[in-house]
Amino acid sequence: MTKESCLENVLLSYKKYYDISRNPCGNFCAAAEFHSHEEQYFLTKAARISEVDSNEYVYFSVEEKLSLQKLRELSNAAWADGLSKVKPFYGHKNSDISLIVIVNSVEKAAAKEARKIKFHKSYKFSFFGWSNFSLIVYDVSAGKTWFNWHGRNLRSIFSKMPL
C-alpha cells in the first residue's frame, strides 16, 4: 500500500461526518472539520436550558520520512491553526485538534517524541470549554502506529488497514 492510497482510505472514513478540504494552505495535504450544536429547552425555545457546541479539526500530512524536527513543526502548525478557529463562549464544550501523519519511515527520535507531544488549553477555567491535541503517526511500510494519549482513539482507523 502506498502513502497516497492510505490517505484516501483514511479520508473515506472521515467523509461521512466531516467537511473535507483538499490542499489547504500550509503543511497539510488535507483538512477536515466537524461541528456539532445541541440545545435543550423547556416547552418553548425561548426557555433554553442549555446549549453545547463541540468541534473537531483534523489535519492530514503525508511524508516520505518523518524526522523529529518535522514532527514538531507539523504538530505546532496544526495546533496553531486549530486554535485560530476556536470561538469559546458560554455554550462551547470542546474544540479538539487532531493530526494524522502518514509516512514511509519514522526516525526513532520522532517515534519516541510522538508519545510525549501534548497540548491542552482551557478557556476561562473550562467554563467556556477546552481544546485537546490528538496525534497519530502511521508507518505504511511497517504497519506500525505511534500516538499520544489523546490519539489512542484514532488507532481504530488504521487497525484494519492492509499492508
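In this predicted model, Asp-96 is in contact with Asn-55, Glu-56, Tyr-57, Trp-130, Ser-131 and Asn-132, once its neighbours within four places in sequence are set aside. Asp-96 itself belongs to strand S4. Its C-alpha atom is 9.7 Å from that of His-150, a residue 54 places away along the chain.

Stepping back to the overall layout, the protein chain contains four helices and seven strands, and these run in the order α-β-β-β-α-β-α-β-β-β-α along the sequence. The C-alpha trace spans about 55 × 30 × 25 Å along its principal axes. Of the 163 residues, 40% are buried. Of the contacts with a separation of 6 or more, 64% are between residues 24 or more positions apart. The accessible surface adds up to about 9400 Å², and carbon and sulfur atoms own 53% of that.

Now for the inside. The largest nonpolar core holds 24 residues, and Leu-99, Leu-135 and Val-137 have the most contacts inside it. Strand S3 (48-66), helix H2 (68-84), strand S4 (92-106), H3 and S6 each give two or more residues to this core, with S4 giving the most, at five residues. What does Leu-99 touch, leaving out residues up to four places away in sequence? The list runs to Phe-28, Tyr-59, Leu-74, Ser-75, Ala-78, Phe-133, Ser-134, Leu-135 and Ile-136. There is also a second, separate core of 18 residues, and Ala-32, Phe-60, Ile-136 and Val-140 are among its members. Ile-136 therefore turns up both as a contact of Leu-99 and as a member of the second core.

On to the rings. The model has nine aromatic pairs. One of them joins Tyr-18 and Phe-34, with 5.5 Å between the centres and 45 degrees between the planes, a tilted arrangement. These two rings come from distant parts of the chain, 16 residues apart: Tyr-18 sits in the loop between helix H1 (3-14) and strand S1 (19-22), while Phe-34 sits in strand S2 (residues 30-41). Tyr-18 counts as buried at 16% relative accessibility, whereas Phe-34 is partly exposed at 27%. A different geometry appears for Phe-119 and Phe-133, whose ring centres are 5.2 Å apart; their planes meet at 75 degrees, so this pair is edge-to-face. Here too the partners link distant parts of the chain, with Phe-119 in the loop between helix H3 (108-114) and strand S5 (120-122) and Phe-133 in strand S6 (residues 130-139), 14 residues apart. Phe-133 is buried, with a relative accessible area of 0%, and Phe-119 is partly exposed at 21%. Phe-133 is also one of the residues touched by Leu-99.

Tyr-18 and Phe-34 have further company, as they share one aromatic cluster with Tyr-14 and Phe-60. Phe-60 is listed in the second core as well. Elsewhere, a charged side chain joins in: Arg-152 lies over the face of Trp-149, at 3.8 Å from the ring centre.

What about the cysteines? A search of the whole structure turns up zero disulfides. Why is Cys-6 not bonded to Cys-29? The closest cysteine sulfur to that of Cys-6 is the one in Cys-29, and because it is 11 Å away, it is too far for a bond. Seen from the other side, Cys-29 has Cys-6 as its closest cysteine partner, again at 11 Å and too far. For scale, the cut-off for a disulfide is sulfur atoms within 2.5 Å. The two cysteines also sit in different settings: Cys-6 is buried, with a relative accessible area of 0%, while Cys-29 counts as partly exposed at 21%.

Finally, a bit of backbone oddity. Most residues other than glycine have a negative phi. Phe-125, not a glycine, nevertheless has a positive phi of about 55 degrees, and Ser-126 has a positive value too, near 70 degrees. Where do these residues lie? Phe-125 is in the loop between S5 and S6, and Ser-126 is placed in that loop as well. Phe-125 is exposed, with a relative accessible area of 76%, whereas Ser-126 is partly exposed at 35%.

Notes
Residues are numbered from 1 along each chain as its sequence is written. This is a predicted model: local features need pLDDT of at least 70, side-chain atom pairs count only at pLDDT 80 or more; totals for chains, interfaces and linings use all residues. Side-chain values use heavy atoms; hydrogens and water are left out. Rings of Phe, Tyr and Trp (its six-membered ring) pair if their centres lie within 6.5 Å; planes under 30 degrees apart count as stacked, over 60 as edge-to-face and the rest as tilted. Buried means under 20% relative accessible area, exposed over 50%, partly exposed in between (1.4 Å probe, protein chains only). A charge sits over a ring if NZ of Lys or CZ of Arg is within 6 Å of the ring centre and within 35 degrees of the ring normal. A nonpolar core is a set of buried Ala, Val, Leu, Ile, Met, Phe, Trp, Tyr and Cys residues joined through side-chain atoms within 4.5 Å. Contact means heavy atoms within 4.5 Å. Accessible areas come from the Shrake-Rupley method with a 1.4 Å probe; for residues, only the protein chains shown count as cover.
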